[in-house]
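Me: I should like a close look at one part of this structure, namely the place where the two chains meet. Please explain it in connected prose, with each term defined.

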Protein chains: 2
Amino acid sequence: MTPPSSTATSTHEESVRTRPRVEGEREREILEATLETLVELGYDKLSFDAVAGAAKASKATLYRRWPAKVDLVVDALELMLGVEADRFPDTGTLRGDLISQACAKGGLADDQPVKVFGSLMNAMHRDRELHDAIMTRLIAPKMASAVHIFRAAQQRGEVGPGADLDLLARLLPAISIHEAMLTGSHPSQDRLVTLVDSVVLPACAATVQRD
Amino acid sequence: MTPPSSTATSTHEESVRTRPRVEGEREREILEATLETLVELGYDKLSFDAVAGAAKASKATLYRRWPAKVDLVVDALELMLGVEADRFPDTGTLRGDLISQACAKGGLADDQPVKVFGSLMNAMHRDRELHDAIMTRLIAPKMASAVHIFRAAQQRGEVGPGADLDLLARLLPAISIHEAMLTGSHPSQDRLVTLVDSVVLPACAATVQRD
């Protein structure tokens, strides 16, 4: 086995240095402009032109960093959802972990995701590439961290050994998203606590009694 | 109090007789073509031209019956959801009523609504008139019949007197729609029974214990 070629590495570094790159705060501004444009126009009508205008950037700058619309949009969604934020809380109780995660940035008490995903639903149904990118890069890590919480609860005996952890992990997002769609606004932190106490914990308790 | 004017009535009937009307089976065909066009194009791109083409009808015929796109679409949704179908089942148990309603035409085990509502989400967020028409004519009667089931259960003691019936009534739709969005297909009848047993009934039982 040969090690990675140092020539290739330095060539790559040079090419990075010689091209203006979108990074750090500037990248964040562009991604935030992408989210605003998405809510305003929807995915189908979102263009690099529109984002460039909103972000006061050149289209060429955007294309260098994001070759296709799906790349730009999924990066923007990732920023919004703070995919790495509070993935594995450890408060010692299922109730505490659920509330901690829901109230973190990009969690269910955050209002931006509801508006943004509302503007993506239609496109997600019809655009396989967008659907798969969202599932892989956003939903799968969210689900994994939710399931992690329930698995820890299972080890403490708060959830029965035969429970469907995927189903339990989906309850809070499902009800929150549904309420947000019906009412047009995301659930407050108090409402999330009510949902945890009146739906999620009883469903968990039922798995303990059943087993 | 005077009875409704017979002159006004006969004038109305005459005007109905002298204009070619879309009725019965023909109306149903046009509304089904509307649903197909909606899934194919989304609400924003759906036009009377497109529906006329799909239904082999003239645009003038459509406009006479449905003055605006929102009227045509909401009538089509009403047909799909069978708003009057199994609104008030009476099997004697909450479990039986929930399963009966979910498995009726236009219920949660029906796959068409998932696809159709997926194509409407974006527009619903941005188009107030469409949103309000859907809420008033479709969601409100659905919710009313779901709440009816839980109120009957409350009278039988299956649900506690202080329970939030609106929340309980939303659980099954919320989880079904969320699973459909994640997996791309609607829950089967078996899956709906699992959701009733592992989520809805435990949440109801918790309201009895709590009160």
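Reply: The following account treats the interface and then the salt bridges. This is a predicted model, in which local features need pLDDT of at least 70, side-chain atom pairs count only at pLDDT 80 or more, and totals for chains, interfaces and linings use all residues. Residues are numbered from 1 along each chain as its sequence is written, chains are lettered from A and ligands numbered from 1 in the order in which they are written, and side-chain values use heavy atoms, with hydrogens and water left out.

In the interface, 36 residues of chain A are in contact (heavy atoms within 4.5 Å) with 36 residues of chain B. The buried area, meaning the accessible area (1.4 Å probe) that two parts lose on being put together, summed over both, is about 3100 Å² between chain A and chain B, and carbon and sulfur atoms give 65% of that area. On the side of chain A, the residues that lose the most area to chain B are A:Arg170, A:Met181 and A:Leu182, together 18% of what that side buries.

How are the two chains related to one another? A turn of 180 degrees and a shift of 0.1 Å along the axis lay chain A on chain B with an RMSD of 0.1 Å, the copies being superposed by least squares on the C-alpha atoms of residues with pLDDT of at least 70 in both. That is the relation of a two-fold axis. The copies meet through the same surface, because 100% of the interface residues of chain A are also interface residues in chain B.

Charged pairs also cross this interface: a salt bridge is a side-chain nitrogen of Lys or Arg within 4 Å of a carboxyl oxygen of Asp or Glu, and there are four between chain A and chain B. One of them joins A:Arg191 and B:Asp164, at 3.7 Å from N to O.

Over all chains the count is 26 salt bridges. Within chain B, B:Arg95 and B:Asp197 pair at 2.8 Å, N to O. This pair links distant parts of the chain, 102 residues apart, with B:Arg95 in helix H6 (residues 94–102) and B:Asp197 in helix H11 (residues 189–210); helices are DSSP runs (H or I, at least four residues) numbered from the N terminus. B:Arg95 is partly exposed at 34% relative accessibility, and B:Asp197 is partly exposed at 31%, where buried means under 20% relative accessible area, exposed over 50%, and partly exposed in between (1.4 Å probe, protein chains only).

Methods. Helices (H or I, at least four residues) and strands (E, at least two) are DSSP runs, numbered from the N terminus.
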